[in-house]
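Please read these numbered points with the structure open beside you, and look up each residue as it is named. The notes begin with charged pairs and then turn to the surface, the pocket and a few single residues.

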Amino acid sequence: MQPTTTIVNLNPLRKLLRDNKSAIKKALELFVETTVEDMKLMGQYINDKKMLEASMIAHTLKSRFVYLGNEDAIVNVVTLEGLLKDGRSVCYPETQNLFEKLNRMIDFCLREL
């Protein structure tokens, strides 16, 4: 069964930060800044076939999407992390395709913020 969620659900972040609007704004700004940079770096690692390094970045992205309430992005990050940890070059096209799909999802999420 394919997960379906709202693109952005800030309720988990609101709960974590006790609905502190200033803290939520700072957390979202940090999310945008670090996620954009991490996606660029992960893309470079994937292109360079440095799969272990890329998998570490994917691992950090998982928790970020938990706080945005986006199950689809979490599923994609978990799948991508697994492929990257596997590290076999035969998975490269699948890895690249999943990375590009995740990148499109992230771009859409960032526009929603």
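1. The side chains of R64 and D38 come together in a salt bridge, with 2.5 Å from N to O. This pair links distant parts of the chain, since R64 sits in helix α3 (residues 51-66) and D38 in helix α2, 26 residues apart. Please bear in mind throughout that the model is predicted, and that every value in this note is computed from that model.

2. Are the two partners of this bridge buried or exposed? R64 has a relative accessible area of 19% and therefore counts as buried, because the cut-off for that word is under 20%. D38 is buried as well, with a relative accessible area of 17%.

3. A second bridge joins the side chains of E81 and K62, where the distance from N to O is 2.9 Å. Because E81 belongs to helix α4 (residues 71-86) and K62 to helix α3, the pair ties together parts that lie 19 residues apart in sequence. K62, E81 and K85 form one network through salt bridges that share partners. Within this network, E81 is buried at a relative accessible area of 4%, whereas K62 is partly exposed, with a relative accessibility of 22%.

4. K25 and E29 give an example of a bridge inside one helix: their closest N and O atoms are 4.0 Å apart, and both residues lie in helix α2 (residues 21-47), separated by 4 residues, or about one turn of the helix. K25 counts as exposed at 54% relative accessibility, because the word is used for values over 50%, while E29, with a relative accessible area of 45%, is partly exposed. The structure holds 5 salt bridges in total. As a general point, side chains of opposite charge can pair when their charged atoms come close.

5. Which residues make the nonpolar surface patch of about 250 Å²? The patch is made by L16, V66 and Y67. Of these, V66 is placed in helix α3, and its relative accessibility of 41% makes V66 partly exposed.

6. The largest pocket holds about 150 Å³ of space, and its lining consists of L13, A27, L28, L30, F31, T34, R64, Y67 and L68. Helix α2 gives the most to this lining, with 5 residues. Two names in the lining have already come up in this note: R64 lines the pocket and also forms the salt bridge with D38, and Y67 lines the pocket and also belongs to the nonpolar patch.

7. What does N76 touch, once its neighbours within four places in sequence are left aside? N76 is in contact with L98, K101, L102 and M105. This residue is found in helix α4, and at 9% relative accessibility N76 counts as buried.

8. T79 also lies in helix α4, but with a relative accessible area of 37% T79 is partly exposed. The C-alpha atoms of T79 and A58 are separated by 9.4 Å, and these two residues are 21 residues apart along the chain. When you check this point, please compare it with E81 and K62, a pair that joins helix α4 to helix α3.

Key. Residues numbered from 1 in each chain as written. Predicted model: local features only at pLDDT ≥ 70, side-chain atom pairs only at ≥ 80, totals over all residues. Heavy atoms only, no water. Helix = DSSP H or I, 4+ residues; strand = E, 2+ residues; numbered from the N terminus. Buried < 20%, exposed > 50% of the residue type's maximum accessible area, 1.4 Å probe, protein only. Patch = residues over 30% accessible without salt bridge, like charges linked within 9 Å, V, L, I, M, F, W, Y side chains within 5 Å. Areas by Shrake-Rupley, 256 points an atom, 1.4 Å probe, with all protein chains shown as cover. Contact = heavy atoms within 4.5 Å. 1 Å grid on protein atoms, 1.4 Å probe; cavity = no way out; pocket = protein on both sides within 12 Å on 5 of 7 lines; lining within 4 Å. Points joined across faces, edges and corners; volume = space filled by probe spheres on them.
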